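User: I'm new to this structure and would like a close look at one part of it, the aromatic rings. Could you walk me through how they pair up and what sits around them?

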Amino acid sequence: MEKTRRREKLAFSLLFGLWLPCCFAQTTPSNTATRTPTGTPTPSPSPQTERLRVRLSGYPRKHNEGRVELFYKGEWGTICDDDFSIANANVLCRQLGFVEATGWTHSAKYGKGQGRIWLDNVLCNGGEKTIDSCKSRGWGNSDCTHDEDAGVVCKDERIPGFVESNVIDAQVDNNKIEEVRLRPVVATARKKMPIAEGVVEVKYKDGWAQICDLGWTIKNTHVVCGMLGFPHERKVNKAFYKRLKKRAAEKVSRPKVNVSAGGRQTPKAKANSKTKQSSPGKRLYLERQKNHFHVHSVACVGTEIHLAACPLEFSKPNATSFCQGGMPAVVSCMPGPLFIQNNLKKKPKISNNVRLKGGAKLGEGRVEVLKGNEWGTVCDDRWNLQSASVVCRELGFGSAKEALTGARMGQGMGPIYMNEVKCVGQEKSIWNCPFKNITSEDCQHVEDAAVRCNVPYMGLEHSIRIVGGRTTYEGRVEVQVGSKWGTVCSAGWTTKEAMVVCRQLGLGYSMHAITETWYWDSSNVTEMIMSGVKCTGNEMSLSQCQHHKTVSCQKSAAKFAAGVICSDTASDLVLNAPLVQQTVYIEDRPLHMLYCAAEEDCLSKTAAQADWPYGHRRLLRFSSQIHNIGRADFKPKAGRHSWVWHACHGHYHSMDIFTHYDLLSGNGTKVAEGHKASFCLEDTDCQEGVSKRYECANFGNQGITVGCWDLYRHDIDCQWIDITDVRPGNYILQIVINPNYEVAESDFTNNCMKCNCKYDGHRIWLHNCHIGDAFSEEAERRFEKYPGQLNNQIPSINQK
């Protein structure tokens, strides 16, 4: 109650003491009933700020259903179920980013909400863009209780490009602090990115104002650094800034002016005066004299995720003095390892047992934690910004901008390790926070928690652009080298390079890497200035990738310039590793049964010298079940018009190579290999509530739906490795999905599976099968060094 009174008092003094006279000259709609003389509801007055925000809440629920809550006038509230209809639900679901509603609920099915009941007797026709465009009794005018809170059930299909549902973000009064920045005092620091030290400035009216440093603490600095994308703060050399201020004050108070015989200031004196006034110390002093101190004092406790959430005291317009004896607050932050430009002797470390997966941009993703040697996820029950901020900071980012629930960054696989995480915000790691262990009935992967972290501004988007495309998500790539703009050679241009471009532009993932851009507008095509680009896919900008020092491109015409098509969602394929281990066996298959397999190049090269149709080939067989855990369907790059028909097996190949199967020696040398063309990509089965979309029969569409999987059984052709020529020994079985990166995915690191493999000439043993970087780095090193000896598990032996 006391906290509420303080907030009300602060808001009242802020509104009438400072903002009302200068900023709010116009009136806003009242919360009284809005009715026509006949008593029929009228359209709800729209909020005078940003677009209306909607969220789903309550328990128990899935990510696409829940109690409807609206954020209006700085407060979350509910909708009464009186006159509620499927038309209302359709409007709300589309506003949440789903294609449509499949139902709605009444009588607080998802639990009773709190706070205001914002809307009642809502009547939509179904075509409105937002719920506040529908007729109602008006904002805050209701005769309901929270026992009548309405809910919706949305179809679990996202509107392309929509990314705003299931978000928990900072609910602060932006009228207090709208934006914060660091402005470097030393001119040379302005050229270095990111800006990690400078005067703290807040957006005020049409400009920027400073904060008085009297009573400024390291806790305030911690909050500011977190907002700007930095995990840690550094101690400011305050003596340096005080010397600058003192030196500038002395020079300003006793200026030396050279005058001519006529008493006028000489040009030289004017130039010297300008030079002196532009010095760092003088600027700092003059700013203090200008009375631009909007905030007089700040008292953060250090766990806030926004400066506006801290107790603030604002400067009064009629005050006789501002920040007497003080100066503008100066902050110094420590960037995370990804953002450190110079080579520090001791770089800050980031956590190796927490990671983000499935995010389209740097600093966002599904939260995964490492326990033992296996990665798992975090359940979203009680997931909030404090816990999310701990994750962000331990990974080298700032505080959390948003905490996301309902598997908004895709569903993980494997165990769920944590539930009801309750961080205070000061912990070094999420593992230091209280949490509950998971039981099977507690959580499912539809409740995987995710984060969006504050990241430092690097300005990388200014050195690259895409032009000529039909939409803002696609176009020909142009880069800036020095002061010159030009195109990029498409030779060797792959999804990895395109992924870096989309990330640098803040456009998410690369849907396609385009090597011929003749069909895009070429009226303003520039010359080619970059070639030989080769990226790992993890770089923050194209300039960080390898490329030729001088341009060398065989096809330098404009139509062969590199291009991209970007998207904010992507697929993510993962192999079911335990199933490989459970289904492996050896078969000696007669040659007369392998003619079709030979035609499709599914046997080793020595098969060509065999005495056909006599003899046999020894095959290492297994099943592969490939899940799509991403946020978009996996579809072949080539359209069905270009699929290749294979008469022998009677099917179409939609991709040349879908998987690689390799048997490696201890040093990584291939001793046997196989491949699988995607002759039939389809939904074999799906999670509960997800419908199949792809089926190969009758020349149907091929692909794998989000939440579904494609199963290649061990007993179909080419689902093997030909090991006829392999000697007994210890090996590594490796399976790589989408090896040529033909189709974009949000995460390529989990496309590879490795297993320890022991072959005695008759039988095969597989154990320690793991996906990509599923094991810790230490386990991975041991795996490579001592294949077959990682643990004392009893190997699975399956011989058919």
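Analyst: Let's start with two tryptophans: W118 and W139 are both buried. Keep in mind that this is a predicted model. W118 and W139 form an aromatic pair, with 6.1 Å from centre to centre and 70° between the planes. That angle counts as edge-to-face because it is over 60 degrees. Along the chain, these two are 21 residues apart, and the pair links distant parts of it. W118 belongs to strand 6 (residues 116-119), while W139 is in the loop between strand 7 (135-136) and strand 8 (151-154). They have company, too: ring pairs join Y72 with W118 and W139 in a cluster.

Now jump further along to F622 and Y661, another edge-to-face pair, with centres 5.1 Å apart and planes at 80°. Here again distant parts of the chain are linked, this time 39 residues apart. F622 lies in the loop between strand 31 (616-621) and strand 32 (624-628), and Y661 is in strand 35 (residues 659-664). F622 counts as buried because its relative accessibility is 0%. Y661 has a relative accessible area of 0%, so Y661 is buried as well.

Those two pairs are among the 14 aromatic pairs that the structure holds.

Rings can have charged neighbours as well. R55 places its charged end over the ring of W76, 4.0 Å from the ring's centre. You'll find a similar arrangement at W375, where the charged end of R355 sits over the ring, 4.2 Å from its centre.

Note on methods: Residues numbered from 1 in each chain as written. Predicted model: local features only at pLDDT ≥ 70, side-chain atom pairs only at ≥ 80, totals over all residues. Heavy atoms only, no water. Phe/Tyr/Trp six-rings, centres within 6.5 Å; stacked < 30°, edge-to-face > 60°. Helix = DSSP H or I, 4+ residues; strand = E, 2+ residues; numbered from the N terminus. Buried < 20%, exposed > 50% of the residue type's maximum accessible area, 1.4 Å probe, protein only. Lys NZ or Arg CZ within 6 Å of the ring centre and 35° of its normal.
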